[in-house]
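Below are my notes on this model, set out as numbered points for a colleague who works with structures computationally. Please read them alongside the coordinates.

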Amino acid sequence: MAPSASTLQRAERFRALHVPGTPLLMPNAWDIGSAALFASLGFEAIATTSGGFAATRGRLDGAMTKDEVLAHAGELAGAVDIPVSADLENCFAHDPEGVAATIAAAVDAGLAGGSVEDFTGNRDDPIYGLAEATDRVRAAAEAAHSGPVPFVLTARAENYLHDRADLQDTLRRLQAYQEAGADVLFAPRVVDPDELRQLLSAVDLPVSVLVVPGAPTVGELAELGVSRISVGGAIAVAAYGAAINAVTELRDRGTCGYWDLAAVARPVIADAFSR
């Protein structure tokens, strides 16, 4: 089935939003409501979050199936008019053919982009070897770019998320993923300005950064030449944190200070959900 005009336009728009020095702020939505809310607040694109989505089903990150994740991501893509990029974890496959199948399904689901990680899913042996990881990115890129939709493939080097703070290996991986056909490069948790300068000078593609406590500000990341900024699952977890504070206040103190946050949210939600 041929992609719709809106799918093509969103993918083209998403690609164009990656400008070094003018980073795309891309919050990660976890359900239709959060996606609609972020779109109503003027964000130009959103991403999904594997952990945030899993939490909506009472599960931990990594516990969702390929079919569940693709259905969820497609649902969000159909609920908003802005580009949606999917957190596809390791594409739910070890072999390149399986990775390609996941990316092809993401394109068919109407997504503007998606990611492939080099995390194996095995905490005891967390990162694919460089050759295997590169083959997986190459297969993902071929699937992403084989049709009319300019699907934006983000290749992720996961070293720093798994206690492997090896910048040189991370740079080698990102360079290999660039050569394999990725469109955007992402090394979550690399936030030290000196390391980011080395990373940005080592590659030619747009670079995404995950903002965490202690990371440079958005303005500082822009000055470094970053093209995209993600929050991962942190906003989803923060929303659960607000709920935890509210119900424990009610239980332990018998008060309802959470109504202050509700008063802030209610008119914004009313506007977002009436569009």
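1. I begin with a pair of sequence neighbours: Asp-252 and Arg-251 form a salt bridge in which the closest N and O atoms are 2.7 Å apart. Asp-252 counts as exposed, at 53% relative accessibility, and Arg-251 likewise counts as exposed, at 62%. The model is a predicted one, and the values in these notes should be read with that in mind.

2. A second pair sits within a helix, where the side chains of Asp-135 and Arg-138 meet in a salt bridge with an N to O distance of 2.9 Å. The two residues are three positions apart in helix α6, which covers residues 130-144, so about one helical turn separates them. Both ends of this pair are partly exposed, Asp-135 having a relative accessible area of 38% and Arg-138 one of 35%.

3. Helix α7, residues 167-179, holds a pair with the spacing of three residues, Arg-172 and Asp-169, which are therefore separated by about one helical turn. The closest N and O atoms of this salt bridge are 3.8 Å apart, and since the criterion asks for a nitrogen within 4 Å of a carboxyl oxygen, the pair is counted. Arg-172 is partly exposed at 44% relative accessibility, whereas Asp-169 is buried, with a relative accessible area of 11%.

4. The α7 pair should not be read in isolation, for Asp-169 and Arg-172 belong to a network of salt bridges that also links Asp-118, Arg-164 and Arg-173. As general background, side chains of opposite charge can pair when their charged atoms come close. Over the protein, the count comes to 13 salt bridges.

5. On the charge inventory, the protein carries 20 positive and 36 negative side chains, and the centres of these two sets lie 4 Å apart.

6. Two backbone conformations deserve a look, and the background is that most residues other than glycine have a negative phi. Cys-91, which is not a glycine, has a positive phi of about 65°, and this residue is found in the loop between β4 (84-86) and α5 (96-108). Cys-91 has a relative accessible area of 0% and is buried, the limit for that class being under 20%.

7. The other case is Arg-189, a residue other than glycine whose phi is positive and near 80°. Arg-189 is placed in the loop between β7 (184-186) and α8 (193-202). Is Arg-189 buried or partly exposed? At 44% relative accessibility, Arg-189 counts as partly exposed, whereas Cys-91 is buried.

8. Turning to the overall fold, the secondary structure comes to 11 helices and nine strands. Among the contacts with a separation of 6 or more, 64% are accounted for by residues 24 or more positions apart.

9. As to dimensions, the C-alpha atoms fill a box of roughly 60 × 45 × 35 Å along the principal axes. A compact globule of 275 residues would have a radius of gyration near 19 Å, and the value for the protein, 19 Å, agrees with that expectation.

10. Finally, on the surface, 49% of the 275 residues count as buried. The protein exposes about 12,800 Å², of which carbon and sulfur atoms supply 55%.

Conventions. Residues are numbered from 1 along each chain as its sequence is written. This is a predicted model: local features need pLDDT of at least 70, side-chain atom pairs count only at pLDDT 80 or more; totals for chains, interfaces and linings use all residues. Side-chain values use heavy atoms; hydrogens and water are left out. Helices (H or I, at least four residues) and strands (E, at least two) are DSSP runs, numbered from the N terminus. The radius of gyration is taken over C-alpha atoms; the globule rule is 2.2 Å times the number of residues to the power 0.38. Buried means under 20% relative accessible area, exposed over 50%, partly exposed in between (1.4 Å probe, protein chains only). Contact means heavy atoms within 4.5 Å. Accessible areas come from the Shrake-Rupley method with a 1.4 Å probe; for residues, only the protein chains shown count as cover. Lys and Arg count as positive and Asp and Glu as negative; His and the chain ends are not counted. The place of a charge is taken as NZ of Lys, CZ of Arg, CG of Asp or CD of Glu.
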